[in-house]
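Reader: I am new to this structure and would like a close look at one part of it, the nonpolar interior. Please set that part in the context of the whole chain.

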Amino acid sequence: MEVYRRGRKARRPLFLVFGLPNEVGRCRLGITVTRKVGGAVARNRIKRVLRDLFRRNQATFDCPMDLVVNGQRAVLSMPAQRIEREFLSAIAELAGKVGQ
């Protein structure tokens, strides 16, 4: 996958985010959660939480890029505010790296 090979990454305790500028003009999101995290219910819950965060904050992302988020088990036990803060800081870090 191109985002893994050529993109930048931002590591957080809750997830690893890869970003690569795109020509589409908007941010796009991909989410992966491995089976090591847990069963289907846990994996789908993590994906649902991350997808909702992206949807709610998409208008604030000013750098068009493709994002791939590798979710970790810790997302299940963290409060929503902490997840959102970590997610937004990772996106801001990637936007800064991509802009360089």
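Author: What follows goes from the chain as a whole to its nonpolar cores, and then to three single residues.

This is a predicted model, in which local features need pLDDT of at least 70 and side-chain atom pairs count only at pLDDT 80 or more, while totals for chains, interfaces and linings use all residues. Residues are numbered from 1 along each chain as its sequence is written, and side-chain values use heavy atoms, with hydrogens and water left out.

The protein chain has three helices and four strands; these are DSSP runs numbered from the N terminus, with helices being H or I of at least four residues and strands E of at least two. In sequence order the pattern is α-β-β-β-α-β-α. The radius of gyration, taken over C-alpha atoms, is set against a globule rule of 2.2 Å times the number of residues to the power 0.38. For the protein chain the radius is 13 Å, close to the 13 Å that the rule gives for 100 residues, so the chain is as compact as a globular protein of that length. The C-alpha trace spans about 35 × 30 × 20 Å along its principal axes.

Contact means heavy atoms within 4.5 Å. Of the contacts in the protein chain with a separation of 6 or more, 79% are between residues 24 or more positions apart.

Now to the interior. Buried means under 20% relative accessible area, exposed over 50%, and partly exposed in between, with a 1.4 Å probe and protein chains only. Buried residues make up 39% of the 100 residues in the protein chain. A nonpolar core is a set of buried Ala, Val, Leu, Ile, Met, Phe, Trp, Tyr and Cys residues joined through side-chain atoms within 4.5 Å. The largest such core has 23 residues, and those with the most contacts inside it are Phe15, Val17, Met65, Leu67, Phe87 and Ile91. Two or more residues each come from β2 (15-21), α2 (40-57), β4 (65-71) and α3 (80-99). Helix α3 gives the largest share, six residues. Another core lies apart from this one and has five residues, among them Val3, Leu16, Leu20 and Val68. In soluble globular proteins, nonpolar side chains tend to be buried together.

Two residues of α3 that are not buried can be compared with this picture. Leu88 is in helix α3 and is partly exposed, with a relative accessible area of 30%. Not counting residues up to four places away in sequence, Leu88 touches Asn57 and Phe61. The C-alpha atoms of Leu88 and Asn57 are separated by 8.3 Å, although these residues are 31 apart along the chain. Ser89, also placed in helix α3, is partly exposed, with a relative accessible area of 30%. Between the C-alpha atoms of Ser89 and Ala10, 79 residues apart along the chain, the separation is 9.0 Å.

The third residue, Leu76, is found in the loop between β4 and α3. Leu76 is partly exposed, at a relative accessible area of 36%. Leaving aside residues up to four places away in sequence, Leu76 touches Ala42, Arg45 and Ile46. The C-alpha atoms of Leu76 and Asn22, 54 residues apart along the chain, are separated by 30 Å.
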